[in-house]
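Here is a model to read through its pocket and its sheet. Take the questions in order.

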Amino acid sequence: MTPDSGLPAPSAPRARTALRTHGFTESVIREMTRLCALHDGVNLAQGFPDFPCPRELKDAAIEAIERDVNQYAITWGAKRFRDALVAKTRRIYGLEYDPETEVTVTCGSTEGMIATLLAIVNPGDEVIVFEPFYENYGPDAILSGAVPRFVRLREPDWSFDPAELARAFNDKTRAIVVNTPNNPTGKVFSRDELTLIAAHCQKWNAVCVTDEIYEHMVYDGLAHVPMATLPGMKERTVTISGLSKTYSVTGWRVGTVLAPPDLSLAIRKVHDFLTVGAPAPLQEAGAAALSLDEAYYGRLAADYAARRAYLVPALEAAGFRTFQPHGAYYVMTDISDFGFSDDVKFARWLVEHVGVAAVPGSSFYSDPAAGRQRLRFHFARLRATLEAAVERLGSLRARIATSAPGR
Ligand SMILES: Cc1ncc(COP(=O)(O)O)c(C=O)c1O
């Protein structure tokens, strides 16, 4: 009792927020975007295009809304969209999926990944993740109760040590997450690497969860190899992708999950309770997107290859050392020649004094020290935007001399 009020003494203050959220850090990408707006910079941090999506998608979306496709779609995805995805997957990869039992349409691949992990992981199960990794995978592991086991992708070619991979698997391993083509490194996993991963999955009865959102952005004559095409893997692979990157519509929030029926059933249940369904009219437009002819994907990759060919040498000329990406639309760079003690300091300085935003490398590692001299740029930008960034980067060395004392 408190002496004067007669009321019970208040108990010790208790956090009003769940412990699981305490491990999440505010996204540095968001901070960079905010600073970029503040300093009127060129944003090469957050990976989304600044150019329009194909006309066919806009027309199909408008037409769907005009037709009053405004209510919930079937929770696991509009039939037209699932059918179109199955047809495209057959056409491009020769893989056969049943649209009724093996396809789930989610709110972006982001929801596809968390729904999958919630559907297959019991708290305490181990999930192997290659690092550097796309920054959502960390919180995904926390939310699903997974214990992440990291396997390092090693510079300069981002290959992994087969012995380290073998050590990561054990009888607690529930799944491995493979992102190819890869964010942030631009690595495209080779057939041999995927075959090795597949052998471990089979040996340890683990599920392979592949994030193939950049499947159509592969350069230098390389080919994207979907894990599900490897012998014995379709029945233990969850393939996640979506419309965001391939069709330049990151704000539409339409993702796809292909998985065998037992896994799809569990993923669909989680998805139903998380979001009920992805936007109905945009799934209709998505069906039009998935039906574009093959030439579209060739043009997409050629356009991105041209952007890469412009930005990467320009970064080198500005004093960065670069790791040539072979897929996706990112380039990791080494900033050690600039003499800054850490990547976050450098990224903040760069946006403030040079006017270009990029992402500190430490945000892609479980041990931030591993990324302290790394910075990631993206090139999903109009040529004019990239030119504006390159022009600003031209002043970088001079500005370091004048406005970066005590770095
Ligand atoms: C590897 C990777 N997966 C998933 C996403 C998110 O995709 P979506 O827009 O489909 O949620 C991104 C976005 O940057 C990404 O880089």
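Q: Which residues lie nearest the centre of the largest pocket?
A: This is a predicted model, where local features need pLDDT of at least 70, side-chain atom pairs count only at pLDDT 80 or more, and totals for chains, interfaces and linings use all residues. Residues are numbered from 1 along each chain as its sequence is written, and side-chain values use heavy atoms, with hydrogens and water left out. A pocket is an open set of points on a 1 Å grid over the protein atoms alone, where a 1.4 Å probe fits, with protein on both sides within 12 Å along at least five of seven lines; lining residues have an atom within 4 Å of a point. Of the 43 lining residues, those nearest the centre are Ser27, Ile29, Tyr134, Glu135 and Asn136.

Q: Which helix gives the largest share of the lining of the largest pocket?
A: Helices are DSSP runs of H or I, at least four residues, and strands are runs of E, at least two, numbered from the N terminus. α2 (28-38), α5 (108-120) and α6 (137-144) each supply at least two lining residues. The largest share, 6 residues, comes from α6.

Q: Why do β2 and β4 each have one side without a neighbour in the sheet?
A: Strands pair if DSSP finds at least two bridges between them. The open sheet of 7 strands runs β2-β8-β7-β6-β5-β3-β4, with mixed pairing. β2 (103-106) and β4 (147-152) stand at its edges, so each has a single partner strand.

Q: Which residue in β6 stands opposite Ile176?
A: Strands β5 (173-179) and β6 (207-211) run parallel, joined by 5 bridges. Opposite Ile176 in β6 stands Cys208.
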